[in-house]
Amino acid sequence: MTRREFLGGGSAFAVLGAQGATEPVLRLGLLSDPHLVVKDGGTGRQNSHCLEPALRYFDHRKADAVLIAGDLTDFGTVSALRHFASIWKSVFPGNRRSDGEPMTPLFIFGDHDMGGYMHTYRWAPADEVASGAIPEQDVAALWSECFGEEWTPLQVKTVKGVRFVLAHHPRHTAESDNGNSIPGLADFLSVQAFDADRPFFFVQHRIFKDTVLVDGCGWENGKTTAILRNHPNVIAFCGHGHCNAADELCLWQKEFTAIQIPSINFCCTRPGRENGYNGLDASAIMPKGEIRKSWQGMFGTLYADRFVVERRDFLNGRPLGPDWTIPLPSPDGSLRTEIRAGTSVPPQFSPCARISLAEKTVVNEAGTATDAVVVNFPVAHARLSLPRVFDYAVAAIADNRVIREKFVFPHGQFWADDRDTASVTCAFAKSELPADWRTSVRFAVAPRDSFGKRGREIEWRPVAG
């Protein structure tokens, strides 16, 4: 389709071009990191229990395409890729929705598929390993067998006049900086002649350096970010980080727009929290939080003047937070992190929220038992214009001085806010507190949003004398 054709009578963008257009140009299912596993001679399946319902939800929403940002398999084996393809075909036979309309697959390989685990497999089942590693095959032939379409490392697909650039995770070679850059990407994009007055989409697996989740892990080496800075009208997706989509830092906008898609298999956590799953401090005395019941994804709706992203908790079938609305075709500055952080309203506890204390022995992931004072408090739920909580700052204070501050996540951090009902706990080792803590230490808890902005504290005051 030429630019003239796109902006003419056949273009939904031209027909609907006024602000506030109500008819969608395109509906897009967004997933990442399903990490499928095959066991027991092919009869056992792992991780597919959450993938298929998500695909059926996209069918129900009449998506025109489904984009999956890599790590289709856990160990990069042929049998797991074929299993992934069989699930897709069971929901969208012949790449058709249940109403007969076309469905376009927009899949890429991730590091688990193309090299990160191809020679080690860790605990992979022997029968899965026996089927062979994906990078050691004729990849184009294998892809054609599974999906009935051509495979190239870099590819452009057009869905309803909208262009998608698919950048598969490369083999881990010197040319790709051990998988941290996409060989040939700059030259590939330079010949595509993208129009500046309408958006296009880009997807790779690794996280764009210095964009989403600034304290996350798994960044590429910065080469992709530098290339995309020349394309302000691109909306770029990545996976890999298994982020919590309730985290506002999964959306980034400056020279272009970047979105990190969460995992439909399991999510991870930002480091530095006592009950986090990733980046635990060696001194943490609490066990890790539960991550296996965290099946997340997104749904995007493209209009003539905006792209709306819904964040979804697939375990509970509920939204994770307010939709993101991205003005088109280029960033207008309103979604920059510092702007959103400056205008954000912090979460707040209910007026009746109270802290209680308990003396317990807690056991951490290393099996170390610690005599502790456990601070208990209720969840600060979203209400009216107030957002959901991201985490809590819990401080032990003596003589008007913070002697220890810790950060904890709520139990249901990966779920819809109204499904997060369990009380929150934060443990302090008794050795971290004065011996007379009952009469000398005040405990204060503040709810925080994704930007670190704090709501009003609630507190427990010691008993005098």
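This report describes a sheet, a set of salt bridges, a helix and a loop proline in a predicted model.

**The three-stranded sheet**

Three strands form an open sheet in the order β16-β17-β20, and their pairing is antiparallel. Strands β16, covering residues 356-363, and β20, covering residues 424-429, are the edge strands, each pairing on one side only. From one strand to the next, the twist averages 35°. Strand β17 comprises residues 369-377, and six bridges join it to β20 in the antiparallel sense. Within this pairing, Phe-377 has Val-424 of β20 as its bridge partner. In general, the strands of a sheet pair through backbone hydrogen bonds, in either a parallel or an antiparallel arrangement.

**Salt bridges**

The model contains 29 salt bridges, counted as a side-chain nitrogen of Lys or Arg within 4 Å of a carboxyl oxygen of Asp or Glu. Three pairs are set out in the table, with the distance between the closest N and O atoms given for the pairs of Glu-145 and Lys-223, and the N to O distance for that of Arg-419.

| Basic residue | Acidic residue | N to O distance |
|---|---|---|
| Arg-82 | Glu-145 | 2.8 Å |
| Lys-223 | Asp-177 | 3.1 Å |
| Arg-419 | Asp-418 | 3.4 Å |

The salt bridge between Glu-145 and Arg-82 joins two helices: Glu-145 belongs to α6 (residues 139-147) and Arg-82 to α4 (residues 78-91), so the pair ties together parts that are 63 residues apart in sequence. Glu-145 is classed as partly exposed because its relative accessibility is 44%, between the limits of 20% and 50%. Arg-82, with a relative accessible area of 41%, is also partly exposed.

The salt bridge of Lys-223 with Asp-177 likewise links distant parts of the chain, 46 residues apart. Here Lys-223 lies in helix α8 (residues 223-228), whereas Asp-177 is in the loop between β7 (162-167) and α7 (185-190). Both residues are partly exposed: the relative accessibility of Lys-223 is 46%, and that of Asp-177 is 31%.

In the third pair, the side chains of Arg-419 and Asp-418 meet in a salt bridge. Arg-419 is partly exposed at 35% relative accessibility, and Asp-418 is partly exposed with a relative accessible area of 35%.

Salt bridges also form a network, which links Lys-62, Asp-64, Arg-97, Asp-99 and Lys-160.

**Helix α3 and the residue that follows**

Helix α3 runs over residues 48-60 and has 13 residues. At 1.5 Å a residue, α3 should span 18 Å; its end C-alpha atoms are 19 Å apart, which agrees with that expectation. The buried residues of α3 are Ser-48, Cys-50, Leu-51, Ala-54, Leu-55, Tyr-57, Phe-58 and Asp-59. An α-helix has 3.6 residues a turn, so residues three or four places apart point the same way. After α3 comes Lys-62, whose phi is positive, near 60°. Lys-62 is also a member of the salt-bridge network described above.

**A loop proline**

Pro-322 is located in the loop between β14 (318-319) and β15 (324-327). Its relative accessibility is 61%, and Pro-322 therefore counts as exposed, the cut-off being over 50%. Pro-322 and Ala-246 are separated by 76 residues in sequence, while their C-alpha atoms are 9.0 Å apart in space.

Terms used
Residues are numbered from 1 along each chain as its sequence is written. This is a predicted model: local features need pLDDT of at least 70, side-chain atom pairs count only at pLDDT 80 or more; totals for chains, interfaces and linings use all residues. Side-chain values use heavy atoms; hydrogens and water are left out. Two strands pair if DSSP finds at least two bridges between them. Helices (H or I, at least four residues) and strands (E, at least two) are DSSP runs, numbered from the N terminus. Axes are lines fitted to C-alpha atoms, for helices over the stretch in contact, and angles run from 0 to 180 degrees between N-to-C directions. Buried means under 20% relative accessible area, exposed over 50%, partly exposed in between (1.4 Å probe, protein chains only). The expected span of a helix is 1.5 Å times one less than its number of residues.
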